[in-house]
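User: I'm new to reading protein structures and I'd like to work through one with you. Can we go step by step, with a bit of reasoning each time?

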Amino acid sequence: MRKATTIRLIVIFGAVAALEIACRAGWIRRFTMIPPSEMAESVVRLFGNPEVLSDMRQTLTAIAISLGGALVVGFLTGAFLYAVPRARRIADPLLATYYSVPVFVFYPLLIVLFGLNAIPKTVIGFLYAIVAMIINTLNGLDRVPDVYWKTAKAYQLGRWNRAVHLILPCAGPYLFTGAKLAVMYSFIGVIGSEFILSSGGLGYRISFAYNNFQSDMMYGLILFVLLVVIVINMGLYAWERVLMERRGGR
Amino acid sequence: MDALVTVRGVTRVFAAKGAVGEVHALGPIDLSLSSGEFFAVVGPSGCGKSTLLEIIAGLSEPTVGEVFFDGNRVGGFVPRGIGIIFQDDASFPWLTVRENIAFGLKRRGVDTPTVRRKVEDALKLTGLQQFGDAYPAQLSGGMRQRVCIARTLVLEPRLILLDEPFGALDQQTRLLMGDELLRLWRETGATILLITHALDEAAMLSDRVGVMSARPGTFLEVVTTRWPRDRDSTIATKPEFGEITSHLWALLRAQSIKSIRETATP
């Protein structure tokens with residue numbers, strides 16, 4: 001194991017152990033926080049609760065739809081803006097300032113438009129994620145060296161072969177970064193929306209547990225969300241590292 | 001010998017763009033390359049050497065004039081039978097050396113056993129046998145350029161166009177790569193057009209050297225070297241080599257000064 005990994009694990013386990021001791025010793029009141037070991041037990045219990053399982057399904061479905069939509073539409077929009085410089089000149093200021101707009105403010109409007117169901121939170125997740133994908137698609141395509149475009153002509157590649165075998169692999173690392181950001185943003189968008197007005201989903205369940213003093217349930221749900229996000233991100237990070245090592249960081 | 005490439009009255013004028021007026025970059029150029037010939041083009045910076053290569057390759061169109069490859073007019077696309085090697089590293093970092101070399105063959109739908117055989121032959125020919133499974137990032141600049149050469153050679157081009165392929169390499173590596181290029185030229189029997197700014201490289205490698213004027217580039221003189229086909233970098237020690245290089249420089253000196261003055265003028 002590498003030294004950095006060892007130190008990282010020591011820091012994480014040290015912090016968790018310190019929290020456990022602080023909770024057990026009563027330095028942190030039980031009403032404020034339960035010990036991490038009980039949070040872990042609570043996570044296991046969540047899987048026996050049909051209501052929570054339904055919430056998990058709702059949230060993960062909304063995230064999957066918003067993420068899938070953001071990846072596909074974001075990539076296609078990025079490719080379109082790259083191909084049409086005039087459209088890009090119009091869109092550039094909007095893209096640059098997009099994340100300064102708190103998309104959540106549109107949530108009531110989306111509820112008016114779509115009703116109190118899964119659509120508004122899915123749309124919010126999509127809106128949060130899509131621009132990260134557009135910007136990174138543009139970054140990736142901008143960085144395809146001229147020599148690759150000429151190489152494509154030298155090998156008589158048609159549009160499809162050029163895109164699939166040359167341009168996409170070349171822009172791959174940037175598309176990957178866009179996808180990683182889109183994952184995070186869609187989680188934030190969907191779960192954040194569920195906190196506000198939704199009638200189901202993990203965000204709603206955490207909020208409900210908080211308002212009803214169900215600390216076990218609340219911390220179990222928070223830990224579950226954290227674990228899901230960490231596992232997805234670590235998987236993506238490991239995959240990205242393998243790809244980048246092959247390229248020698250190029 | 002039959003002419004594999006014929007260039008007739010090729011001129012390239014770039015249209016005015018913003019504050020920059022119309023630029024007459026090249027021509028008129030007339031040139032004929034025989035089958036199996038090694039022809040180098042030297043000239044001052046900005047004289048249109050690379051533009052000429054791109055027009056012959058079919059990567060760009062001449063404003064006036066025509067190019068024929070193997071009797072067919074070139075235009076709009078790169079014809080089969082022409083291979084191009086660029087100065088910039090064009091190896092694909094996401095593919096291994098073997099996959100890089102197989103790239104063009106696979107895109108042309110060549111069957112897998114043939115691809116495998118040709119790739120192994122190309123690895124041997126370019127001295128990359130030990131590096132078939134390596135990624136370009138694990139190789140030196142010279143070896144990456146060899147990967148690009150191998151990727152071009154497997155398609156068995158009859159005309160190989162090289163645009164300053166060793167420009168980014170150090171002098172010793174360039175000499176050795178020159179030797180390799182001569183060996184590949186003999187073994188494949190292809191016609192080579194080499195664009196270079198290095199007079200010694202042009203004098204050492206070529207049967208004929210076309211010396212271009214400052215912009216708009218035209219041929220001032222085509223110098224015949226009379227080297228035997230079976231040659232290598234040791235000819236650089238011969239007195240004739242010095243004579244050829246001196247003659248090339250005598251032709252180019254005034255043009256290079258003109259080119260630098262024009263570049264410096266606002």
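User: How much surface does chain A expose, and what percentage of it do carbon and sulfur atoms supply?
Analyst: Keep in mind that this is a predicted model, so every value here is computed from it. Chain A exposes about 13,900 Å². The share of that surface supplied by carbon and sulfur atoms is 70%.

User: What percentage of the residues in chain A is buried?
Analyst: A residue counts as buried when its relative accessible area is under 20%. Chain A has 250 residues to sort that way. The buried ones make up 39%.

User: Which pattern does chain A follow along the sequence?
Analyst: Start with the count: chain A has ten helices and zero strands. Its C-alpha trace spans about 70 × 55 × 30 Å along the principal axes. Reading along the sequence, you get α-α-α-α-α-α-α-α-α-α.

User: How far apart are the C-alpha centres of the two parts that chain A is divided into, domain 1 and domain 2?
Analyst: Domain 1 of chain A runs over 1–33, and domain 2 covers 39–246. Their C-alpha centres are separated by 30 Å.

User: And what area is buried between domain 1 and domain 2 of chain A?
Analyst: The rule finds zero salt bridges across this interface. Of the area buried there, carbon and sulfur atoms give 51%. The area itself comes to about 390 Å².

User: Which residues meet in a salt bridge between chain A and chain B?
Analyst: Chain A and chain B bury about 2,100 Å² between them, with 61% of it on carbon and sulfur atoms. Across that interface the rule finds one salt bridge. With N to O at 2.8 Å, the side chains that meet are those of Glu54(B) and Lys150(A).

User: Is Glu37(B), which forms a salt bridge with Arg208(B), buried or exposed?
Analyst: The closest N and O atoms of Glu37(B) and Arg208(B) are 2.3 Å apart. Glu37(B) sits in the loop between strand E2 and strand E3 of chain B, while Arg208(B) is in strand E9, 171 residues apart. Because the relative accessibility of Glu37(B) is 7%, this residue counts as buried.

User: How many residues apart are Asp142(A) and Arg88(A)?
Analyst: These two form a salt bridge, and their closest N and O atoms are 2.7 Å apart. The pair links distant parts of the chain, with Asp142(A) in helix H6 and Arg88(A) in helix H4 of chain A. Along the sequence they are 54 residues apart.

User: Which residues does Arg146(B) touch, leaving out those up to four places away in sequence?
Analyst: Arg146(B) lies in helix H4 of chain B, and at 17% relative accessibility it counts as buried. Arg146(B) also forms a salt bridge with Glu180(B), the closest N and O atoms being 3.6 Å apart. The residues it touches are Thr126(B), Gly127(B), Leu128(B), Met177(B) and Glu180(B).

User: Which helices do the buried residues of H2(B) pack against?
Analyst: Helix H2 of chain B covers residues 97–107, and its buried residues include Val97(B), Ile101(B) and Phe103(B). Just after H2(B), Gly109(B) takes a positive phi of about 75°. The buried residues of H2(B) pack against helix H8 of chain A together with helix H3 and helix H4 of chain B.

User: Which helix gives the largest share of the nonpolar patch?
Analyst: The patch on the surface has about 630 Å² of accessible area together, and Val101(A), Phe106(A) and Ile119(A) are among its residues. Three residues make up the largest share, and they come from helix H5 of chain A.

User: Where is Val105(A) placed, and is Val105(A) buried or exposed?
Analyst: Val105(A) belongs to the nonpolar patch. Its place is in the loop between helix H4 and H5 of chain A. Since its relative accessible area is 53% and the cut-off is over 50%, Val105(A) is exposed.

Notes. Residues numbered from 1 in each chain as written. Chains lettered and ligands numbered in written order. Predicted model: local features only at pLDDT ≥ 70, side-chain atom pairs only at ≥ 80, totals over all residues. Heavy atoms only, no water. Buried < 20%, exposed > 50% of the residue type's maximum accessible area, 1.4 Å probe, protein only. Helix = DSSP H or I, 4+ residues; strand = E, 2+ residues; numbered from the N terminus. Contact = heavy atoms within 4.5 Å. Patch = residues over 30% accessible without salt bridge, like charges linked within 9 Å, V, L, I, M, F, W, Y side chains within 5 Å. Areas by Shrake-Rupley, 256 points an atom, 1.4 Å probe, with all protein chains shown as cover. Salt bridge = Lys/Arg side-chain N within 4 Å of Asp/Glu carboxyl O. Domains from an automatic or database assignment. Buried area = accessible area lost by both parts, 1.4 Å probe.
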